[in-house]
Amino acid sequence: MITKIKDIKTTFTGVDFSKYSAKVSGFVNEFASRANKPGQFLNWVNLPQEQLKRVDSLYEMADSFKKQTGAKKLSVLGIGGSKHTVEHMLSINGLNVRQDAVAFYSDVDSASLERYIYRLGEITNSNYMIASKSGSTFETKDGFLRVQKMLEDAYIAKGQSLEEAQKSASKHFIAVTDANSEKSELRRTSNENGWIGDLYIHDDVGGRFSAFDDHAIFTLIWAGMKREDLIAMLNAAQEMSALSLSADLELNDALKQGIFWADAKLSGITSSVHQYMGSIFENTVYWHSQMQNESIKDTLKQIAKVPDAMHHSAEAHFNPANKFAFALTVPKDNGVCKENAEAYIGALNKSYESTGAFFNEQVETRGMGLTPEAAGAMTQLRAFATVYQEIVEKTMTGKQFPEVLESVLQPHVEFYKKNLKGGVVVPGRIS
C-alpha cells in the first residue's frame, strides 16, 4: 500500500480539483506510457532506484579521487543542469554551507575566471569535475582547457617536465558525460588521459531533471553526505515517483501541483508566483527557474526567495488589479526562530489565500538543511509536476500530444549556439 511521505505536506486552496477528477487516470496513463521509454527523456523517473545500486562504488570513487591529489575542494565545471541541480542538492541537504568543499565555475569572461582562481588560492588546491553530456559544451570546454593549462604550468613551475606535469594535471580531473566515447569528446579525453572513474550523465535524462544523476550524487558524497542519508534520500525520491504515478489524486501531490498551475493558465491567469522561504532554498530558486524557462517555456512565473523578495514584490502581488496564482515552499521550523517564523508564514498564507489560488508546501528540516527524505521527495515532485502541467493543459484543451513531450525538450537553445563561430576552444584563443 502506497502512503504519502510524511516529510513533505502540501495544502491547496482556491482550486476545484473535482473539475479534473474524471481525467486523472488519463493524465497518469499519458505520463506512465512514456516513463523510462527510450527517446522520451523521462528516464529520471526510476533513476533514484538505479543509483541506489551504485552507492558503494561512488563512495569508493570519491575517496580514491581525494587521495589521488590530496585536494580538499572539488570544482564543478558545468552549466545549466550540470550546475544548478548540484547547487540545489548541496543547499537543501545542508552541505557546503561555508563553500569550502565545493566550488563552481561556469563563466567565459576574464574577470570571472580571475575571481574564481582567487577564491581557490592555488589551482592545485582543487580537483575538477567536468560535466557535459556531449563533452563539447562551449562554456564548459573553455573553462576546462584553461584550468588544464594552469595546472600544467603550476606543476612545471614545481620542477616537473611537460610530460610529468600533464600526468599530474590529469589526476585532478574526473568526467561526467555520456558513457559512449563515440558520442562524447569528453569521454574520449578522459579515456586517453587515464582520468579516474566512470561517472555518467544517463541517457534520456535532461539537465534540469538530473538532480539524482552522477554529477549531483558524486558531489554530495564529496561534500560529506553520510551514506545512510544518501540512501534515505534516493529511497524517498523513488517513493515520490510511485506516488506521482498513482491515479489516486489524494496521494498524487505532483499531479495536484501540475493541475494547479495548468488551471491558473486555463483560467486566464498569466502571471504566477512560487516563493521559497529561507537560505536553504537559495540555489533551488536558480534550478526551479531553469525548469520553468526550459520546460514551461515562458517567463511569467516569478520564482524567488523570501523574506528578501517579499516587501518589494508585495506591491504587485497584493494589488487587486493584478491576478496571480501563488505557491509558497517553507521549511518546518524546529529551532529558536520557530515562533516568529510560523507567524511570518501564517501571515503570508492568509494573505495569499485571500488574494488568489494558493498552495503551501511544507518540508521537514534537520539542522541546516532538509531531512534527506524531504530533499529527495521535494526534488522528484518538482520534476513530475512540471511535466504534468503540460499533460493537463493539452488534455483539457484537446491538443494533440507530440511524439515527445515539449516539457522535456529544449530545441530553442540551439538558436544562440549556431551563432558561435567555430566553437573550437584553445586557452587564450577562440577560433
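In this predicted model, 4 cavities of 30 Å³ or more were identified. The largest of these cavities has a volume of about 90 Å³. Its lining is made up of 13 residues, and those that lie nearest the centre of the cavity are Trp261, Lys265, Ser272, Lys301 and Gln389. Three elements each give two or more residues to this lining, namely helix α11 (253-266), strand β7 (271-277) and helix α12 (284-296). Of the elements around the largest cavity, α11 provides the largest share of the lining, with 3 residues.

Helix α6 spans residues 138-157 and therefore contains 20 residues. From the first C-alpha of α6 to the last, the distance is 29 Å, which is close to the 28 Å expected at 1.5 Å a residue. Helix α6 is mostly covered, as 15 of its 20 residues are buried, a term applied to residues with under 20% relative accessible area. Just after α6, the backbone at Gly159 adopts a positive phi of about 105°.

A nonpolar patch was found on the surface, where it is formed by Phe415, Tyr416 and Leu420. Together, these three residues present about 300 Å² of accessible area. Phe415 belongs to helix α16, which covers residues 414-417. The relative accessible area of Phe415 is 58%; because the cut-off for an exposed residue is over 50%, Phe415 is classed as exposed.

Definitions and conventions: Residues numbered from 1 in each chain as written. Predicted model: local features only at pLDDT ≥ 70, side-chain atom pairs only at ≥ 80, totals over all residues. Heavy atoms only, no water. Patch = residues over 30% accessible without salt bridge, like charges linked within 9 Å, V, L, I, M, F, W, Y side chains within 5 Å. Areas by Shrake-Rupley, 256 points an atom, 1.4 Å probe, with all protein chains shown as cover. Salt bridge = Lys/Arg side-chain N within 4 Å of Asp/Glu carboxyl O. Helix = DSSP H or I, 4+ residues; strand = E, 2+ residues; numbered from the N terminus. Buried < 20%, exposed > 50% of the residue type's maximum accessible area, 1.4 Å probe, protein only. Expected span 1.5 Å × (residues − 1). 1 Å grid on protein atoms, 1.4 Å probe; cavity = no way out; pocket = protein on both sides within 12 Å on 5 of 7 lines; lining within 4 Å. Points joined across faces, edges and corners; volume = space filled by probe spheres on them.
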